Amino acid sequence: MASIDAGSDNQFIPADRSSQIRFWVLLGRFFLHEEDICRHFYGFKENEIDFDVKALSDRVEEVLSKMNSLQGKLESVVQEMEKKKNELEMTSISKLEYKRFLKEEVIHPLYGAHIALRQIRLPRVEGASKSTITEDPLINFFIVEEIRKYITPKVNRVGKINIYGTGKTYNTVGHACVLMKKELEEYMNYDVGSYCKDDWNLAQRLMINGCDPLPRRRCLTRASKLYQKPYAINASLWRMPDDRNVRWSNYLCRNFTCLSSKNPKRGYSKCTGCFEMDKEKVKWIGNGSIPVDFSVIDVLAVNPGEIRIGLDYGIGTGTFAARMREQNVTIVSTALNLGAPFNEMIALRGLVPLYATLNQRLPFFDNTMDLIHTSGFLDGWIDLQLMDFILFDWDRILRPGGLLWVDRFFCSRKDLDDYMYMFLQFRYKKHKWVVSPKSKDEDNASLSSISNRPKFFLKVCDIDY
């Protein structure tokens, strides 16, 4: 807060010390560079902050390479003109052609190199400077420990490759885009106003590796040339869509029949039977053969009439959302096209797909979801700290009294206690909670639970596992 003293020529008088600091920071921006402000007020010395020497060197080399390429091109053109000077004297080049040459071959490359040079920030070294060559750029530019932990890549447990096909998971603050500079430049290399390249798989690869959210593009998205009107909502929920409504160019299969679980070369591994309606129709309609299976009716009975909207967090073709729609509940289904058109399938069934990765902060406001459901997706491969960030994000969007339905979480027995703690730390009220060893011979177990998010602490029972 601040006040105006009318008796002192309307001078600005800070009312407290925090306001005074903010005032001087604002004033300082008129006289100091952005980098100097923090150093001026917080006392950082240039040689106390590490910077990525390798990234800086690569950037300089890139600019020098552009300048060298431009110089070589211009010299080559001049030499060619010298060889054909007699011919050139007899021909006339229009001013428009000359202008186009200067613009495309000289001005644009020079401008690009100029901008690149201006973007390079060399540190003003006082004495000997420490340097850090890191595998993951930008991490050492952050001081707050929590953000450093958040953006540090999370390596999968026991060396497993996760569902995305990667060995580690990057969270989204932008540093991963530096690691994928070539791919990002390829993604953004297009003709403005024309049709985009058929490169959704490149975009998805960038997203999965943490370069997300992707920049917007000014090109027109492609669609199937044979697109047909989708089925009416009552028919579309439990009917296979028309093959012509999907662009199949980046899949191993070319139709939905090929995606059958009976086909060993269908192109995807998760969600067995997802593209077979006879198998999908029996899910969540009654108790299964093992105690970890709960029906939709059983779960909705926990909070009768209170579940209206929710999120299905996992991989699938929208069957859970279809089942809940029959109960007048609207579910958004997260999906990636991991070897099959999961997003298209969900949308063609008349349901809502959310194209999102495991890295993202969910695009929902706080305390808004009645239900979060996940099934067979977050398994024992996931890093515990990564899972912690995910669970706290779920807690953020779940409203007080909302339901968290963890549907079949598989992990090894030796890791069961660790994962149990991850769920139990929130002290949710437990309505249904079952831990079931898969078999006596196999070293894994399955967890299924339903709990809700109370405003207050309420521990119902201790779990004997």
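**View 1. Lysine 432 lies over the face of phenylalanine 294.** Welcome to this predicted model, and to a meeting of a lysine with an aromatic ring. The distance from lysine 432 to the ring centre of phenylalanine 294 is 5.7 Å.

**View 2. Arginine 349 sits over tryptophan 238.** Here is another ring with a charge over its face. The charged end of arginine 349 is 5.2 Å from the centre of the ring of tryptophan 238. Keep tryptophan 238 in mind, as arginine 323 is in contact with Trp238 too.

**View 3. Arginine 323 and its surroundings in helix α13.** This helix covers residues 319–325. Is arginine 323 buried or exposed? Its relative accessibility is 8%, so arginine 323 counts as buried. The side chain of arginine 323 reaches out to lysine 281, where the backbone oxygen is 2.4 Å away. Beyond its neighbours within four places in sequence, arginine 323 has several contacts, among them Glu280, Val282, Trp284, Ile285 and Val296.

**View 4. Phenylalanine 275 pairs with phenylalanine 342.** The two ring centres are 5.3 Å apart, and the planes make an angle of 50°, a tilted arrangement. Which parts of the chain does the pair tie together? Phenylalanine 275 belongs to the loop between α10 (233–236) and α11 (277–280), while phenylalanine 342 is in helix α14 (residues 342–348), so the pair links parts that are 67 residues apart in sequence. Both rings belong to buried residues: phenylalanine 275 has a relative accessible area of 4%, and phenylalanine 342 has a relative accessibility of 0%.

**View 5. Phenylalanine 426 and tyrosine 428 form a tilted pair.** Why is this pair called tilted? The planes meet at 35°, with the ring centres 5.5 Å apart, and an angle that is neither under 30 degrees nor over 60 counts as tilted. Phenylalanine 426 is buried at a relative accessible area of 17%, and tyrosine 428 is buried at 7%.

**View 6. An aromatic cluster includes Phe275 and Phe342.** The phenylalanines of View 4 return here in wider company. Trp200, Trp248, Tyr251, Phe256 and Tyr268 belong to this cluster as well. Across the whole structure, the search finds 14 aromatic pairs.

**View 7. The chain as a setting for the close-ups, with 16 helices and 11 strands.** Of the 465 residues in the chain, 40% are buried. Among contacts between residues at least 6 apart in sequence, 67% join residues at least 24 apart. The chain exposes about 27,600 Å², with 55% of that supplied by carbon and sulfur atoms.

Note on methods. Residues numbered from 1 in each chain as written. Predicted model: local features only at pLDDT ≥ 70, side-chain atom pairs only at ≥ 80, totals over all residues. Heavy atoms only, no water. Phe/Tyr/Trp six-rings, centres within 6.5 Å; stacked < 30°, edge-to-face > 60°. Helix = DSSP H or I, 4+ residues; strand = E, 2+ residues; numbered from the N terminus. Buried < 20%, exposed > 50% of the residue type's maximum accessible area, 1.4 Å probe, protein only. Lys NZ or Arg CZ within 6 Å of the ring centre and 35° of its normal. Contact = heavy atoms within 4.5 Å. Areas by Shrake-Rupley, 256 points an atom, 1.4 Å probe, with all protein chains shown as cover. Polar contact = N/O pair within 3.5 Å; in protein donor to acceptor, adjacent residues only side chain to side chain.
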